[in-house]
Amino acid sequence: MAPSLIVAIVGDFDPTFPTHAATNDALRHASAELGIEIEIQWQATEPLERDLSAVRAADALLCAPGSPYRSLTGAVAALRHGREQGVRRWAPAAASSTW
């Protein structure tokens with residue numbers, strides 16, 4: 001069985017926004033190339049102001065491309081949690097490094 005990974009994308013998914021669809025496609029492609037099963041979970045930013053449970057359950061965080069976010073407070077809270085708890089996190093412009 002292939003290893004599995006939960007990737008939480010912090011951002012407000014819009015299927016008509018090309019970079020959001022491309023993000024899903026890129027993660028699926030990487031999954032296939034690496035032989036790793038991934039579960040992509042887009043996390044809307046407004047609920048993250050009150051509840052980080054979905055972020056806590058993730059193996060990796062990705063800061064979604066595009067802005068503005070509906071809640072910058074929620075997005076920052078999720079990414080802060082990742083930084084403080086040592087969760088791997090990526091920004092689209094720097095996908096090969098963490099910050």
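1. In which strand is the place of Ala60? In this predicted model, Ala60 has its place in strand β3, and at 2% relative accessibility Ala60 counts as buried, since the cut-off for that class is under 20% relative accessible area. The C-alpha atoms of Ala60 and Gly86 are separated by 9.6 Å, although their positions lie 26 residues apart along the chain when counted as a sequence separation.

2. As to the overall layout, the chain has 3 helices and 4 strands, and when it is read along the sequence these elements follow the pattern β-α-β-α-β-α-β. Of the 99 residues of the chain, 35% count as buried, and the chain exposes about 5,900 Å², of which carbon and sulfur atoms supply 55%. Among the contacts in the chain with a separation of 6 or more, 71% are accounted for by residues 24 or more positions apart.

3. The largest nonpolar core has 13 residues, and those with the most contacts inside it are Val10, Leu48, Leu52, Val55, Leu61 and Ala78. Strand β1 (4-10), strand β3 (60-63) and helix α3 (72-85) each supply at least two residues of this core, and the largest share, 4 residues, comes from α3. Apart from this core lies another one, of 7 residues, among them Ile9, Leu27, Trp42 and Ala64. As general background, nonpolar side chains in soluble globular proteins tend to be buried together.

4. Leu48 deserves a separate look, being one of the residues with the most contacts inside the largest core. Leaving aside residues up to four places away in sequence, Leu48 touches Val10, Gln43, Val55, Gly74, Ala77 and Ala78. Val10, Val55 and Ala78 are also listed among the residues with the most contacts inside that core.

5. Strand β3 is also the place of Leu62, which is buried, with a relative accessible area of 13%. Leu62 and Val10 are 52 residues apart in sequence, and their C-alpha atoms are 6.1 Å apart in space. A second pair that involves Leu62 is the one with Gly82, where the two residues are 20 residues apart in sequence and 9.9 Å apart in space, again from C-alpha to C-alpha. Gly82 itself is found in helix α3 and is buried, with a relative accessible area of 0%.

6. Is Thr23, in helix α1, buried or exposed? Thr23 is found in helix α1, which covers residues 18-34, and Thr23 counts as buried because its relative accessible area is 11%, whereas the cut-off for a buried residue is under 20%. Not counting residues up to four places away in sequence, Thr23 touches Ile9, Trp42, Leu62 and Pro65; of these, Ile9 and Trp42 are named among the residues of the 7-residue core, and Leu62 has its place in strand β3.

7. Helix α1 also holds His20, and this residue counts as buried at 5% relative accessibility. With residues up to four places away in sequence left out, His20 touches Asp12, Phe13, Asp14, Trp42 and Pro65. Trp42 and Pro65 likewise appear in the list of residues that Thr23 touches.

8. Which residues line the second largest pocket? Its lining consists of Gly11, Asp12, Asp14, Phe17, His20, Ala64, Pro65, Gly66, Ser67, Pro68, Tyr69 and Arg70, and about 150 Å³ of space lies in this pocket. By class, the lining has 5 nonpolar, 4 polar and 3 charged residues. Three of its members, namely Asp12, Asp14 and Pro65, are also touched by His20, and His20 is itself part of the lining. Ala64, another lining residue, is named as one of the residues of the 7-residue core.

Technical notes. Residues are numbered from 1 along each chain as its sequence is written. This is a predicted model: local features need pLDDT of at least 70, side-chain atom pairs count only at pLDDT 80 or more; totals for chains, interfaces and linings use all residues. Side-chain values use heavy atoms; hydrogens and water are left out. A nonpolar core is a set of buried Ala, Val, Leu, Ile, Met, Phe, Trp, Tyr and Cys residues joined through side-chain atoms within 4.5 Å. Buried means under 20% relative accessible area, exposed over 50%, partly exposed in between (1.4 Å probe, protein chains only). Contact means heavy atoms within 4.5 Å. Accessible areas come from the Shrake-Rupley method with a 1.4 Å probe; for residues, only the protein chains shown count as cover. On a 1 Å grid over the protein atoms alone, a cavity is a set of points where a 1.4 Å probe fits but cannot get out, and a pocket is an open set with protein on both sides within 12 Å along at least five of seven lines; lining residues have an atom within 4 Å of a point. Grid points are joined across faces, edges and corners, and a volume is the space filled by probe spheres set on the points. Ala, Val, Leu, Ile, Met, Phe, Trp, Tyr, Cys and Pro count as nonpolar, Asp, Glu, Lys and Arg as charged, and the others, Gly among them, as polar.
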